[in-house]
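Biologist: I'd like a close look at one part of this model, the open sheet in chain A. Could you walk me through how the strands are arranged and what packs on them?

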Amino acid sequence: MKRWLLGLALAGMLGVLAGALAQTEITFWHAMSGSRQEVVNNLVEAFNTEFPEYEVNAEFTGSYAETLTKAIAAYRAGSPPTIVQVYEVGTQTMLDSDAIVPVYTLNQGEVDFGSFVQPILKYYSYQGELYSMPFNSSTAMLYYNKDVFREAGLDPNRPPRTFDELYEMGLRIVESGAAKGGVSFGWPAWIFEQMFAYHNQFYANNDNGRSGLATEAFINSDFGVQVLGEWQKWTQDGVLVYGGREYSANDPFLAGDFAMLVQSTSSLGGILRKADFEVGTTFLPRLPGYPSGNSVIGGGSLWVMKGASDEQLEAAWAFLQYLGRIDNTIAWHKGTGYFPATNEAVLTLLNEGWFAGEPNALTAFMQILTGVDTPAARGVLLGNFVQIRDIVGAAIEEAVTQNRDPQEALDKAAQEVNRVLSEYSELFGQ
Amino acid sequence: MQFKNKWLPYILLSPSLIIILIFLIYPSIDTFRLAFYRVAPFGDRRIFIGFQNYLRLLQDPDYLNAIVISIAFTAFVVIVGLTLSLAIAVLANQRLPGFAIYRTFFIWPYALSPAIAGIVWAFFFDPNVGPIPRLLANQFGTSLNWRADATLAFFLIATAATWKQLGYNIVFFLASLQSIPKELLEAAAIDGAGPPVRFRRIVFPLISPMTFFLVITNTLFAFFETFGLLHVTTQGGPGRATELLIYKLYRDGFESLRSGYASAQSIMLFILVALITILQFRYAQRRVFYQ
Amino acid sequence: MKARKIITFLLAHLGMLLATLLVLLPILYALLISTQSPSEYYAFPPKLRFGSDWLENYSIAWQQAKLGRLLLNSSFVAIAVALGKIVLSILAAFAFIYFDFRFKVLFFVLILITHMLPLPVRIVPTFELIDQFRWVNSFNALTIPFFASATGVLLFHQLFRTIPRDLADAAVIDGASPLQFLWSILIPLSFTNMAALFLIEFIYMWNQYLWPLIVANFERTRQIQIGLKLLIATDATIDWHIVMAGVMVALLPPLLLLIALQAQFIRGVAMQQEK
């Protein structure tokens with residue numbers, strides 16, 4: 001009897017060993033540094049423990065641009081990462097690369113993509129199919145310093161809703177001396193894109209590049225010129241303080257240099273942690289007279305690359321499903337401030353009262369869920385988008401910091417953008 | 001007297017030559033070839049486009065801007081840097097008791113990397129805690145933010161680069177000053193020439209080969225070794241106010257993934273190096289470069 | 001008269017002191033920040049003294065950027081390249097001075113020409129080549145392409161030329177082979193130059209940025225200059241005290257080496273003077 005038990009135990013152990021030997025390893029390259037990297041590592045470790053048959057090796061490979069460059073190099077050398085995180089501006093590049101395994105082809109019915117938060121799902125879908133797994137999704141919203149609002153005699157619970165209100169409140173703040181400036185932006189070119197989608201305006205032709213390669217940008221449309229003109233006026237009157245690209249405006253906002261900040265929702269955690277004033281958040285300001293659209297998803301998604309074995313694809317799909325699971329997407333949201341990806345996760349968060357304690361985390365949700373789903377609001381797909389965002393960013397800077405005429409700056413930028421687009425379609429046309 | 005051996009010299013040279021051929025000569029030639037193509041990000045599609053990349057380059061306002069910024073930056077590093085270093089070197093060259101100690105300190109900044117120099121000066125210019133903006137804010141009530149202010153950002157990178165080179169320049173100037181024969185200066189002093197005259201008539205001409213050498217090395221530094229400095233500070237911004245040629249090359253080649261366009265920029269840089277080299281062979285005796 | 005002399009003397013020293021401060025102050029100030037707490041360096045006017053938090057700052061920086069690993073990676077690369085360059089340049093310079101062979105001038109020009117080919121003028125194809133070799137994210141990519149050195153060859157070329165020819169004649173008469181001559185005569189005479197070259201190349205490699213950023217931004221191979229960027233948060237307030245702690249750690253190895261080999265370096269510079 002005892003021997004029989006022993007035999008069984010041994011057999012069991014061998015089974016475990018065999019399992020360990022047959023473990024499938026996959027690599028996952030990402031651009032999440034600092035505290036976000038920790039959250040990624042925790043998720044990966046938990047996955048590896050829960051699924052001993054798989055082993056995910058996560059590696060931080062520098063900025064988004066650096067990560068993409070490396071993934072391409074690795075693909076060309078024949079050893080691509082199984083999963084790579086790519087920023088939203090790299091989406092068209094990945095779609096055209098012929099180097100990816102679309103996520104929808106991996107799904108054998110395990111996941112109902114319909115359960116994803118719609119704006120997120122739509123951003124990473126192309127012609128109705130999901131190509132990459134939403135991971136770190138964010139959008140832009142308006143942060144404001146309630147203490148400064150009070151000091152300026154403004155109602156701290158009545159933030160601006162329109163461009164005009166923002167301008168007037170900004171003026172009031174500057175004139176009262178409550179802060180040196182009124183408002184600043186993170187990622188100005190992205191905020192500019194947001195404005196188009198938010199007011200249901202196309203940024204480029206062919207339905208923002210979603211029904212075919214975009215060949216013409218509409219950045220110098222009347223709408224674009226009006227938005228940039230407003231921004232320029234704000235700057236001239238000391239309301240808008242240009243704060244640089246990406247996240248560099250966060251510091252002076254935290255230091256109280258200006259009262260409002262239009263920034264990615266992914267900064268929420270950092271801002272709440274470091275602010276020594278009461279932080280309020282609200283929807284992006286609107287320009288009256290234009291229809292409603294929606295704010296656009298930014299951030300990054302996870303792509304599965306060709307070159308993986310069937311077992312590795314299976315492991316990759318298991319990992320992607322794991323990340324989309326309610327508990328994990330909630331952990332991801334709480335740890336980083338990025339959106340939880342599925343509707344169930346949002347419901348769970350609502351039921352556990354998370355948003356009651358974190359009302360600012362709800363703002364962006366309400367914004368994207370109350371927005372209108374239109375073709376113009378689903379986000380732009382452009383070839384060479386990195387470069388295009390760069391061109392637009394420079395045009396904004398010229399108008400705002402060097403006082404160049406907005407029409408002129410945007411005309412010049414549009415010309416450059418169109419040239420870049422035509423270069424891209426020459427390569428990928430037909 | 002030479003050793004006689006048919007194969008040994010080739011064997012001795014082969015490691016160096018093989019590496020030079022594979023990693024220097026071949027990629028350089030390949031750069032010329034690649035500059036004739038438009039290449040897709042993944043490298044799997046390419047179109048031959050002749051000289052279009054070059055033509056585009058010369059019409060690209062951002063590239064012309066990068067040229068202007070690079071020249072201004074280099075001029076700052078060379079003129080301010082060399083003037084300051086020469087002044088310090090002349091001062092340190094006095095034969096006074098206790099001066100040897102100072103000389104040993106001046107070499108320290110040679111150990112600095114461009115990235116570290118950038119970080120240190122980014123702190124000095126930091127809008128919130130940096131001593132320089134705060135001092136100015138205290139005195140004049142101005143508020144300075146290099147992330148938004150193009151001029152300030154330029155001064156930030158130029159100051160950092162100049163400072164990083166100070167140690168190197170001082171050491172070389174000192175070596176040159178110390179090789180000036182004492183008798184010459186003494187004779188001039190007896191003839192009644194004061195220190196300024198002696199400096200202009202004797203010292204300056206005698207150290208001019210060294211000055212020329214330092215102009216060259218500092219120019220090469222400003223064009224080729226400043227990437228790290230930019231990457232940790234301004235990243236070329238705000239706008240394109242600090243986008244030096246090397247940064248533009250990185251952006252186009254490794255962020256926008258336009259290999260052909262970036263290669264054309266490499267060729268332009270090569271022409272620059274070739275010009276500098278010719279200048280050097282024309283006007284100076286051959287010297288070992290200390291990178 | 002004597003008083004005037006003393007005043008001049010003091011003024012000269014004062015001037016020197018100011019000049020030294022100008023050169024060293026930024027780095028000394030960075031050192032102070034690396035020991036202070038945020039509230040200490042947020043104060044204005046700045047407190048020019050050591051703070052209380054140095055242990056904490058350094059240990060946070062150490063963990064956050066994995067400085068131990070970075071130091072190891074950078075040391076390996078800098079030492080390997082410095083040694084590789086020394087060996088290869090000595091061999092090449094030896095061949096050029098002590099042998100007659102075909103294509104000598106061509107080969108010499110080939111080596112000199114590398115001065116005209118700094119990485120940026122060939123960076124895209126070099127990266128593609130490294131990629132084809134499957135060397136991305138390997139120490140090979142960080143070391144092997146750098147082994148050839150025009151600087152080194154010229155340096156030893158100049159030195160060997162100044163060594164009396166009789167030495168080689170005597171060696172041949174004694175029946176010594178060329179390699180024996182190299183090993184027992186030339187190498188011992190080259191120590192100063194080797195030290196100078198080691199210093200220059202070590203610092204050069206240690207401070208590289210662009211190439212390691214492109215080919216080695218992975219945990220296994222990441223170099224310390226790139227690692228410093230990890231301390232500079234992009235989406236939140238910069239913790240300058242932590243950043244400066246990292247800066248000090250990254251600066252220490254080349255600085256110590258510089259101090260140790262200063263004499264050789266200066267002699268190397270002086271030798272340049274003699275043309």
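Modeller: Sure: in chain A, four strands build an open sheet with mixed pairing, ordered E9-E10-E8-E11. Strands here are DSSP runs (E) of at least two residues, helices are runs of H or I with at least four, and both are numbered from the N terminus. Two strands count as paired if DSSP finds at least two bridges between them. Strand E9 (181–185) and strand E11 (279–282) of chain A sit at the edges with a single partner strand each, so each has one side without a neighbour in the sheet. On average, neighbouring strands of this sheet are turned by 20° against each other, ignoring direction.

Keep in mind that this is a predicted model, where local features need pLDDT of at least 70 and side-chain atom pairs count only at pLDDT 80 or more, while totals for chains, interfaces and linings use all residues. Residues are numbered from 1 along each chain as its sequence is written, and chains are lettered from A and ligands numbered from 1 in the order in which they are written.

Now for one pairing inside the sheet: strand E8 (residues 140–145) of chain A runs antiparallel to strand E10 (residues 258–264) of chain A, over five bridges. Ala140(A), for instance, has Ser264(A) in E10(A) as its bridge partner.

Then come the helices. Helix H8 (residues 163–176) of chain A lies across E9 and E10 of chain A, at about 130° to E9(A). Helix H9 (residues 188–198) of chain A lies across E8, E9 and E10 of chain A, at about 115° to E8(A). Those angles run from 0 to 180 degrees between N-to-C directions, with axes fitted to C-alpha atoms, for helices over the stretch in contact. Contact means that C-beta atoms, placed from the backbone, lie within 7 Å.

Notes:
Two residues are in contact if their C-beta atoms, placed from the backbone, lie within 7 Å.
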